[in-house]
Amino acid sequence: MSTQEVLQIALELAGLSEVPADTAVLVPGQNLRKALVGIDLEGPELLWAKGEGFDLVIAHHPPGGPAALNFWQVLLRQVELMVAYGVPEGVAQAAAAELVREHRLQNHARNYLRLPALAQALGLAYVNIHTPLDEIGRKRLVQAVAELPPAATVADLIAHLRARFGEFRNAQTAIEVVVGQSRNPVGRVAVIHGAGTNGGYPVAKALFDHGVDTVLYIHIRPHEAHRLAQEYGGKGKNLVVTGHIASDSLGINPFVAALRARGLEVVPFDLVPP
Ligand SMILES: [Fe+2]
Ligand SMILES: [Fe+2]
């Protein structure tokens, strides 16, 4: 298998026709046999992989190269998600612009060459697949949410996600209600995932202000959760956080299965099993 084929398998599973900006072949390779797949596969993992006879390392989070520098572009997917959930386009763009501003400036600090250079020096093929794998996870979450009865509560939502996905049962984190109450009706639910990172305060605010009752993120920074709880906690609005590593695994595990089905030997690294 080649690095190009690996990327193609991920795109097909995600239903995407183009390679998103946060996804790239960092060191290309052909006739690959043994892949290490994980969320954060950086220097120590590359060295370990070399020693264990791997010829391919597939990381989820962008470890460098163009995928790290162009990461901010996928944040614009937040606009599509918000609009699909009923947020006016102008409001959605303003909310996403706050996220873009923050992430774009961080690029200047980043050493984007170090890890691709290490993989190259070790003779390892190195691929990073971010948005396609999160998109697989997002679709699974959206499907599970659609299965809820109309009168479901936030507690019902959490119980259903746990019943549906081994990743949530096997994770060491719990699905948590960070704004609102588990006895609240879920009402209209927005799953915000597969768009770079969580939408933080601005995206949740835009959704709450335009008819969404429950927002689902995989993680959020504490001060943003606190601010949302203060402003929306008493208004029947809910923010549910499903856990970063469990939720990333939810999108990566089907990809691992697809690679194995194509004959590649795959060893999962930092993944919660399904
Ligand atoms: Fe992810
Ligand atoms: Fe992640």
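**Exercise 1.** List the donors of the iron ion (ligand 1) and state which arrangement they form.

*Solution.* The iron ion (ligand 1) is coordinated at 1.9 to 2.5 Å by His-60 (NE2), Asp-134 (OD), Asp-134 (OD) and Asp-248 (OD). Donors are N, O and S atoms within 2.8 Å of the metal (3.2 Å for Na, K and Ca), and water is not among the atoms, so sites may look incomplete. This is a predicted model, in which local features need pLDDT of at least 70, side-chain atom pairs count only at pLDDT 80 or more, and totals for chains, interfaces and linings use all residues. Residues are numbered from 1 along each chain as its sequence is written, chains are lettered from A and ligands numbered from 1 in the order in which they are written, and side-chain values use heavy atoms, with hydrogens and water left out.

Next, take the angles. The four donor atoms subtend 56 to 139°, so the arrangement is irregular; tetrahedral would require all angles between 85 and 135 degrees, and square planar would require opposite donors over 155 degrees apart and all others between 65 and 115.

**Exercise 2.** Find the residue that bridges the two iron ions.

*Solution.* The protein donors of the iron ion (ligand 2) are His-61 (NE2), His-244 (NE2) and Asp-248 (OD), 2.1 Å from it. Asp-248 coordinates both ions, which are 3.1 Å apart.

**Exercise 3.** Is Asp-248 buried or exposed?

*Solution.* Buried means under 20% relative accessible area, exposed over 50%, and partly exposed in between (1.4 Å probe, protein chains only). Asp-248 has 1%, so Asp-248 is buried. His-244, at 27%, is partly exposed.

Definitions and conventions: Four donors count as tetrahedral if all angles lie between 85 and 135 degrees; four count as square planar and six as octahedral if opposite donors are over 155 degrees apart and all others between 65 and 115; anything else is irregular.
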